[in-house]
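Dear colleague,

Here is the structure you are taking over. My notes on it follow below.

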Amino acid sequence: MKESLSRRAFIGSAVGASLGLGLKSASADQTPSVSASVPKKKASPLWPIWNSTEENAIVETLNSGHWGRGDGASRKVRSFEEAFSKKMNARYCVATSSGTTALTTALGALNIGPGDEVIISPYTFVATFNSVTSSFALPIFADSDLESFQIDPKRMADAITPATKLLLPVHIGGSPANIDEISALSQSRSVPLIEDACQAPFAEWRGQPVGSFGMGGCFSFQASKNLTSGEGGAILSNNESFANLCYDFHNPGGTKKSLSSGRGGNFRMTEIQGSILLAQMQRLDEQYKHREANALYLRQMMSQIGGITPSLLYPGCTRSAWHLFKFRYNASEFSGLSRTKFVQALVKEKINPSYGYTSLPASTHVMALANNPHYQKIYGRKGMADWVGRIQCPVNDRLVQEAVWLPQYTLLSSRSEMERIASVIAGIKKRSAQLTKA
Ligand SMILES: Cc1ncc(COP(=O)(O)O)c(C=O)c1O
C-alpha cells in the first residue's frame, strides 16, 4: 500500500471471526447492532450505509421539483440546518456545498485576506490549508501534540504575531483539540477562533458539542465522513451577525446585503444533499453508540500490547466522534519491524489500516506557496522565504512517521471483530522478529 496524504486511502474491509486476546469480554456483543441499517446494496468499502429511507428521501425531493436552495423554495436544506443546529446545541447553522466551502465561507465572513495570518494544525487534511490560501492569507502551522495528534496550544501561542487574525485548530479524527486552552488563548490575545470540526460532528467538550466554542465551527459531510451526503458542509455559530455574514457570503442571492464586504460566492447545499443528510441523521445515535463502545474496548485491548499507543483524549473530551481510530506504532517494541511491514501484515489479515497523513508543511503543495508570485507580491520574496522557516513542525514530523489509523466504519463492525484486530496485532508482535527478516 502506498503511503498517502489522502483520508480516502483506506483499503480493504473489516471482516472475520474473533480469535480473542485472552482478555475478559462480554459473553455476547454488547454493542448495539447496526443490522437495522444494513445497506440494501453493499458498497465497497462498507461505507456509506443506506436503505429505502435515503432512496425515498431522494425520490421525494426529485419529485418536488425543488432541487436547489433558494429563499422560499428551500425545504430540505433548511430542515437539515434546524436539525443539525439543534443536535449540536448551536443557535445558527448555514449549510454549504462542502467542508472546504464551509471554511472558505467562515474565513470570508470574517473578511480574512491578504496580509493576514491564520494559525492552523499541521496534522490535518490539506483542505484546512487551502481554505486559508483561497483568501490569500498566510497559513501558519503550529506544531502538534504527539500524544493527542492535536494542535499544541503552546505552539499556537508562540505563533501569534500582530498579523494573526484567526485561530483555526482542527479536531482531528473526531476528537476535540484542547478547547479550554485554545479558547483562553483566543480571548487573552483577542484573536477569533473558528473550529475546523470537519471530522467531528457530535464530538463534545465538557458536555457541549464542538463547533460553537469560538466564533463558529465548520463541518464536512464528504463521502468518508460519519454523517455524509457524498459532499456537503455546514457552519455552526452562536453569533447571529457572524451567521448572517456566512449566509450572505455563501449565497449570491443573499437577503442581508447591507452586511456585505463585497466578497462572496455560491457555496449552497442542494436540496438533494439536504434530504440525504436528514435521512442519515436518523442513524446517528445508534452508530455513535456502536462506534464509541467498540473504540473504547479496542483502546483498552491495544494499550496492553506494548508498542501501540492509542491517541490521547484530553480530560475535557466527553465524547469523541471516532471518525478515525488513531494510534502510534513503536517499531522498537516490535523487534524493529517497520511501520510499512506492520501495516502490510494487518492488510494481509483483512484489517483496513491507513498510514494517515504525510507531512503537510513539507508537502510539495505547501512548499509551492513560497514561490507563488501572488504570495511573493503580498508578503515579499524574503517574507515567503522566512515563512518556510516559520512553519517547521518537528513533533508533527515524528507523528507522521509513527501514526496508523483505522477508519470509522471499522468501529461499526462487531465487538468480536475488535477482539480479532487486537489479537492480530498481538500476534504480529509475537512474530515480529521473524517478520522483520521476511
Ligand atoms: C480536517 C478537515 N478539514 C476540511 C475538510 C474539507 O472537507 P470537504 O472534503 O468536505 O471539502 C476535511 C475533509 O476531508 C477535513 O478532514
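Helix α4 covers residues 126-133, and its buried residues are Ala127, Thr128, Phe129, Ser131 and Val132. Please keep in mind that this is a predicted model. The buried residues of α4 pack against two other helices, α3 (99-109) and α11 (364-368), and against the strands β2 (117-120), β3 (138-141), β4 (164-168) and β5 (194-196).

Helix α4 also takes part in the surroundings of the ligand: α3 and α4 each supply at least two residues of the shell. There are 15 residues around the ligand, and those that come nearest are Gly99, Thr100, Ala127, Cys198 and Ser220. Ala127 is thus listed twice, among the buried residues of α4 and among the nearest to the ligand. Sorted by class, the shell holds nine polar, four nonpolar and two charged residues.

Next, the sheet. Three strands form an open sheet in the order β7-β6-β11, and the pairing is antiparallel. Its edge strands are β7 (208-209) and β11 (317-319), each of which pairs on one side only. Between β6 (residues 204-205) and β7 there are two bridges, in the antiparallel sense. Glutamate 204 stands opposite proline 209 of β7.

One last residue is asparagine 244, which is found in helix α7 (residues 240-250). Is asparagine 244 buried or partly exposed? Asparagine 244 has 19 other C-beta atoms within 10 Å, and a buried residue would need 20 or more, so asparagine 244 counts as partly exposed. Asparagine 244 and cysteine 93 lie 151 residues apart in sequence, while their C-alpha atoms are 9.7 Å apart in space.

Regards

Methods: Residues numbered from 1 in each chain as written. Predicted model: local features only at pLDDT ≥ 70, side-chain atom pairs only at ≥ 80, totals over all residues. Buried ≥ 20, exposed ≤ 12 C-beta atoms within 10 Å, placed from the backbone. Helix = DSSP H or I, 4+ residues; strand = E, 2+ residues; numbered from the N terminus. Contact = placed C-beta atoms within 7 Å. Pairing = 2+ DSSP bridges. Near = placed C-beta within 6 Å. Nonpolar A, V, L, I, M, F, W, Y, C, P; charged D, E, K, R; others polar.
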